[in-house]
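I'm opening my notebook on a new structure today. I'll jot down what I looked up, one stop at a time.

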Amino acid sequence: MFKALMVEKDEEGKTSASVQELSLEQLPEGDVTVAVEYSTVNYKDGLCIGPGGGLVRNYPHVPGIDMAGTVEASDDPRYKAGDKVVLTGWRVGEAYWGGYTQKARVKADWLVPLPAGLDTRQAMAVGTAGFTAMLAVMALEDHGIKDGPVLVTGAAGGVGSVATAILANLGHEVAAVTGRPETADYLKSLGATQIVAREEINAITRRPLEAETWGGCVDAVGGEMLARVLGQMKYGASVSAVGLAGGAGLPASVIPFLLRGVNLLGIDSVMQPYDNRVRAWARIAKDLPMDKLEAMIQPATLSDLPELGRGILQGQVKGRVVVDVN
Ligand code: NDP
């Protein structure tokens with residue numbers, strides 16, 4: 001028997017989450033059984049621990065879009081007992097049972113080997129949020145980061161914190177947008193050189209172009225903030241669109257694309273091909289300073305998850321939660 005966080009739905013459609021004992025026979029089919037060591041809490045996890053946000057297919061459900069642990073048994077030649085592995089994406093934790101469990105059974109295709117230089121706890125401090133932050137930085141690099149500060153929106157959140165630390169470590173000036181002024185010292189400790197108040201940048205302006213200010217942007221917020229940021233980008237600069245913490249709409253004008261050659265780059269972590277996953281994890285191990293990662297960590301256990309799920313949906317979680325499932 002082992003423990004997992006189970007989300008159940010009652011006849012009225014109301015969901016509730018609790019830690020329960022399960023047996024191996026209850027696990028779904030898969031090629032690899034993983035003894036999970038750590039998981040984490042991303043924005044999407046908040047949805048799946050709670051009412052589901054349309055992401056969860058069937059109940060009862062084990063959420064947790066990320067996991068890291070040790071292979072216990074494998075029917076796939078790529079993995080053997082004792083291998084350390086990481087899993088993010090592939091709709092695990094949404095359409096399939098996820099990482100809020102001491103044992104998981106998964107498809108070998110979903111796994112990547114734990115990157116050299118990281119342990120399972122650090123890998124989950126990174127998690128989908130940090131992995132996506134790295135993909136966003138790599139996309140900016142591929143299109144060329146211009147001179148001047150790189151803007152990070154939703155900076156005190158998971159994606160934003162990791163993006164800030166990576167960009168600063170790569171030698172870029174980082175302007176961090178936050179709605180929580182009390183996180184300024186934290187963001188500076190991660191390497192932000194400038195703190196921008198959320199109110200300064202999230203109001204719609206009638207002007208499609210403003211002063212050319214940012215050499216690149218990692219945007220976790222979307223909505224009106226992204227629309228506004230597009231008009232503030234330097235000539236030829238790029239924005240990696242990662243998230244929708246501020247809304248899924250984009251009330252923007254095409255003028256920044258037409259007159260300034262601004263690029264809007266879509267970033268998806270879920271269906272990312274294997275080779276690029278391995279490339280991104282290797283870059284994380286190289287370019288994300290581990291002391292900065294440590295400063296982002298808030299430790300938790302399985303029983304803390306219902307409250308943390310609510311918290312992340314309300315924008316109250318700072319940095320990265322690491323869930324010790326044991
Ligand atoms: P977090 O909740 O940790 O971070 C989001 C941050 O956005 C908050 O901390 C807050 O930062 C800011 N924010 C929240 N609400 C608003 C608002 N109404 N207006 C402006 N800013 C706001 O979430 P994650 O970092 O885990 O994820 C961030 C986003 O990225 C989510 O939308 C998530 O779904 C998406 N995502 C997308 C992925 C992909 O593959 N494309 C993968 C991972 C995440 P502050 O307090 O500093 O203002």
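**Entry 1: around P149**

I began at P149 and looked up what it touches beyond its neighbours up to four places away in sequence: E173, V174, A175, T193, Q194, W214 and G215. I'm working with a predicted model here, so everything I note is about that model. P149 sits in the loop between α2 and β8.

Is P149 buried or exposed? I counted 21 other C-beta atoms within 10 Å of P149, and the cut-off for buried is 20 or more, so P149 is buried. One contact caught my eye: P149 and G215 are 66 residues apart along the chain, yet their C-alpha atoms are separated by 5.6 Å.

**Entry 2: the strands next door**

From the loop I moved on to β8, which runs parallel to β11 and is joined to it by 3 bridges. In that pairing, V150 stands opposite G216 of β11.

Next I checked which way the β11 side chains go. G216 and V218 point one way, C217 and D219 point the other way, and all of them are buried. β11 also pairs with β12, again in the parallel sense and over 3 bridges. There I found C217 opposite V239 of β12.

**Entry 3: helix α6**

How many of the residues of helix α6 are buried? For this helix, residues 223–230, I got 7 of the 8, so α6 is largely enclosed by the rest of the structure. The buried ones are G223, M225, L226, A227, R228, V229 and L230.

I then asked what these buried residues pack against. My list has four strands' worth of labels and two helices to look up: β8 (150–152), β11 (216–219), β12 (238–241) and β13 (263–266), plus α5 (198–201) and α7 (255–260). So the strands from my last entry turn up here again, as β8, β11 and β12 are on the list of what α6 packs against.

**Entry 4: a hairpin at the start**

I jumped back to the start of the chain. Strand β1 (residues 2–9) and strand β2 (residues 15–22) run antiparallel, with 8 bridges joining them. K3 stands opposite E21 in β2. The hairpin has 5 residues between its strands, and G13 takes a positive phi near 90 degrees there.

**Entry 5: two domains**

Time to zoom out. The chain divides into domain 1 (2–114 + 296–324) and domain 2 (127–266). Their C-alpha centres lie 29 Å apart. Domain 1 puts 12 residues into the contact and domain 2 puts in 11. On the domain 1 side, I sorted the residues into 3 nonpolar, 6 polar and 3 charged.

I also looked at the UniProt record. An unreviewed entry there carries the annotation "domain: Enoyl reductase (ER)" for residues 17–323. In the model, that span is 32% helix and 22% strand, and its end C-alpha atoms lie 16 Å apart.

**Entry 6: the ligand**

Last stop: which residues are closest to the ligand? I noted G154, A156, G157, G243 and G246, out of 34 residues that surround the ligand. The elements giving two or more residues to this shell are α1 (43–49), α2 (120–143) and α3 (158–169).

By class, I have 15 nonpolar, 15 polar and 4 charged residues in the shell. Both domains take part, since domain 1 and domain 2 each supply at least three residues to the shell.

Methods
Residues are numbered from 1 along each chain as its sequence is written. This is a predicted model: local features need pLDDT of at least 70, side-chain atom pairs count only at pLDDT 80 or more; totals for chains, interfaces and linings use all residues. A residue is near a molecule or strand if its C-beta atom, placed from the backbone, lies within 6 Å of it. Ala, Val, Leu, Ile, Met, Phe, Trp, Tyr, Cys and Pro count as nonpolar, Asp, Glu, Lys and Arg as charged, and the others, Gly among them, as polar. Domain bounds come from an automatic or database domain assignment. UniProt positions are given in the numbering used here, feature names are shortened, and annotations may be inferred rather than shown by experiment. Two strands pair if DSSP finds at least two bridges between them. A residue is buried if 20 or more other C-beta atoms lie within 10 Å of its own, exposed if 12 or fewer, and partly exposed in between; C-beta atoms are placed from the backbone. Two residues are in contact if their C-beta atoms, placed from the backbone, lie within 7 Å.
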